[in-house]
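Here is a set of short exercises to work through with the structure open beside you. Try each task before reading its solution.

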Amino acid sequence: MIAQAAVEAGVLRRFADDQLLTLAKLVVENAFQPIVEAGTGAVFGYESLMRGQDRIGFENPVDFLDRAEQCGQLMALEQMIAARSLAKFQTVPDYAGATLFLNLDVRLIPQGHALMASVLAHLRKAGIPPSSVCFELSERFDNTNHPEFAELVQSMRRSGFKLAIDDFGVGHGEMKLLCDYPVDYVKIDRHFVCDIDKSPRKRHLVKNIVNIAHVLGVRVIAEGIETEAEFLACREFGVDLVQGWFIARPTTFVSELLPGFPHLQDLGKLKSTTQTLDEILIRKQIEHLPTVYENDSIDSVFDLFRRNPRQTFFPVLNANGEPRGTINEYHLKEYIYQPFGRDLLKNKIYERTISHFVTRAPIVGLDADAERLTTIFANMDGSDCVILTDNMRYAGVVSAASLIRVINDKQLQVAQDQNPLTSLPGNRAVRDFMQQAGRDGDEVRYFCYCDFDNFKPFNDHYGFHLGDHAISLFAALMRRYFFSDGDFLGHVGGDDFFIGVRDWTRDEITEILDRLISDFHDDVVELYSEEDRRNGVIRGHDRNGNLREFPLMRCSIGVLELPGGLVIEDINRISAMIAGIKTKAKESDSGLFLGAFQDPD
């Protein structure tokens, strides 16, 4: 039976040579695989992958493309696949904010302008900007050997397309591509991602690839991620985007595509003050400079410099709001100061647009820590700033002077061990208090772990400014109710707080914490819109990416009672018990649960 199938496949392939395109139209489909932001789990785009070639006797897409090239039908086949990909892309919800990744076969470079013209025609009909399409340059062959390659890349950039180096690390001339051409992404090949958590050599290589790419203003995609450990390792080393079966398998059904995978954001993360501290300090130093778009007129740039005479550069964005680099005043001076220079720039025959003057700049996410920014500044040459992004979109810039202020502020805050938002002691002080109180068994002690319920949907919906305001409100209420010398207040990180008291009765601590929960709820609901307050819910995405309703925010408090006479040295046992009590508090109607320490011995 198997032999018969193989014979039939061979016969079909020979028969198909002169009708390859006709058969492809009948059986070939486009499958989309999500490409996801490593930090947030939000879907950034989709890679279009060929499926269905096995129905006409080809084991994989590479064999099919090779046969098409031998038959002289590769160009027509690629045009058909691209057209269908764009048509399917247009049916994806929120496609306007996503990016479609299309593979460009190197053998089509001599005909690249025709393929690009075909794609542009489809984009114009659909009203999709070219910056929503990224061409992946396959490294099966050496792209740079083609004399037409450099001109094609320039033409793609002028048209607004984005470019990615596929199979980075195992192909031909990828370092030359990264060095000499203005690419937007590098896709680290699966070879380096597979078992990266177990291979020090792979971890070292990926970490350095990411650092080099970011200094050059290039974002990094790790493809072929199949395990949680691989995902966590790639995220730890600063990979911007991830793709693979661990996140989502390719599908030909648009209805199966999720808007995001928010559970990825929390995978492997422990509560920590360091990251929160860096984010807060960096946000304080962000400069929100005016921007120009790469397809804007040259006149708009001159006008921007005229209205901002002290500014020597401005960030340049594509139509999707993603940074391309910066445009510097000195690039335009030779035209400004020579006769008819400005007229020359605006001459259509001369064809000088903003994209001709873009200088690459380092680009990193808003969640980057101060150490990473310092490393980038130390390695960059001639760049005015680091461009920061939020959800891959422009968020602002940080200059060298701003980074120095961040480092100084961080050192001061760490020395004081205070959360910069609430000025409350952080994790180290909380741990020290628990250690000291555990050893002192003369009186009853209460350790109270406070955590907001439904904070993430609120923060996602209303933004981090109001999220920070809610955190500050709770800190102020804590100070109102716990002000005695023996009371300890700590900010574990984010929306988690700690209260430690001694020599209180159960009735006293229960009464005060009930009032704290009630007052916080009354205050925080005022941060919601009138409509959301009236409905009592807001809509947001859960950990599985499903849109649903969430109740308004409240605080849950789990309280662990250490009875008098108990002396405990291992505070890890206390922490484990607090975690269980915290869960019960979240499940309770009142949001408050008090449990006594139970020694398993």
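**Exercise 1. A hairpin and its turn**

In the hairpin of β19 and β20, which residue takes a positive phi?

Solution. This is a predicted model, so please read every value below as computed from it. Start with the two strands: β19 covers residues 537-541, and β20 covers residues 547-551. They pair in the antiparallel sense over 5 bridges. At one of the facing positions, His541 stands opposite Leu547 in β20. Next, look between the strands, where the hairpin has 5 residues. Gly545 is the residue sought, with a positive phi near 85°. Finally, turn to the two faces of β19: Ile538 and Gly540 make up the covered face, while Val537, Arg539 and His541 lie on the uncovered one.

**Exercise 2. Positive phi outside glycine**

Find where Asn391 and Asp503 lie, and decide from their relative accessible areas whether each is buried, partly exposed or exposed.

Solution. First, recall the background: most residues other than glycine have a negative phi. Asn391 has a positive phi of about 55° although it is not a glycine. Its place is the loop between β14 (386-390) and β15 (393-398). With a relative accessible area of 38%, Asn391 is partly exposed, because that class lies between the limits of 20% and 50%.

Asp503 also has a positive phi, near 60°. This residue sits in the loop between β18 (496-502) and α21 (506-524). At 58% relative accessibility, Asp503 counts as exposed, because the cut-off for that class is over 50%.

**Exercise 3. An open sheet**

In what order do the strands β9, β10, β11 and β12 form their open sheet, and which are the edge strands?

Solution. The order is β9-β10-β11-β12, and the pairing is mixed. The edges are β9 (292-293) and β12 (358-359), each of which pairs on one side only. Now follow β12 to its partner: β11 (residues 323-328) pairs with β12 in the antiparallel sense over 2 bridges. One residue pair to locate here is Ile327 with its bridge partner Val358 in β12.

**Exercise 4. Classifying a ring pair**

Is the pair of Phe231 and Phe246 stacked, edge-to-face or tilted?

Solution. A pair of aromatic rings is described by the distance of the centres and the angle of the planes. The count of aromatic pairs comes to 24. For Phe231 and Phe246, the centres are 6.1 Å apart and the planes are at 35°, so the pair is tilted. In sequence the two are 15 residues apart: Phe231 belongs to helix α10 (residues 228-236), and Phe246 to the loop between β8 (241-242) and α11 (263-266). Their surroundings can be described too: Phe231 is buried at 0% relative accessibility, whereas Phe246 is partly exposed at 25%.

To extend the exercise, display the aromatic cluster formed by Phe452, Phe455, Phe474, Phe497 and Phe520. Then look for charges over rings: Lys187 lies over the face of Phe101, at 5.8 Å from the ring centre, and Arg283 over the face of Phe464, at 4.0 Å from the ring centre.

**Exercise 5. Surroundings of Asp240**

Which side chains does a polar contact join to that of Asp240?

Solution. Begin in the loop between α10 and β8, where Asp240 is found. Asp240 is buried, with a relative accessible area of 10%. A polar contact of 2.7 Å joins its side chain to that of His214, and another, of 3.1 Å, joins it to that of Arg219. Leaving out residues up to four places away in sequence, Asp240 touches His214 and Arg219 as well as Val36, Glu37, Ala38 and Val220.

**Exercise 6. Surroundings of Cys448**

Is Cys448 buried or exposed?

Solution. Cys448 is in strand β16 (residues 445-453), and it is buried, with a relative accessible area of 0%. Next, measure across to Phe498: the two are 50 residues apart in sequence, yet 5.7 Å apart in space, C-alpha to C-alpha. Beyond its neighbours within four places in sequence, the contacts of Cys448 include Phe497, Phe498, Ile509, Leu513 and Val559.

How values were computed: Residues are numbered from 1 along each chain as its sequence is written. This is a predicted model: local features need pLDDT of at least 70, side-chain atom pairs count only at pLDDT 80 or more; totals for chains, interfaces and linings use all residues. Side-chain values use heavy atoms; hydrogens and water are left out. Two strands pair if DSSP finds at least two bridges between them. Helices (H or I, at least four residues) and strands (E, at least two) are DSSP runs, numbered from the N terminus. Rings of Phe, Tyr and Trp (its six-membered ring) pair if their centres lie within 6.5 Å; planes under 30 degrees apart count as stacked, over 60 as edge-to-face and the rest as tilted. Buried means under 20% relative accessible area, exposed over 50%, partly exposed in between (1.4 Å probe, protein chains only). A charge sits over a ring if NZ of Lys or CZ of Arg is within 6 Å of the ring centre and within 35 degrees of the ring normal. Contact means heavy atoms within 4.5 Å. A polar contact is a pair of N or O atoms within 3.5 Å; within protein, one must be able to donate a hydrogen and the other to accept it, and residues adjacent in sequence count only if both atoms are side-chain atoms.
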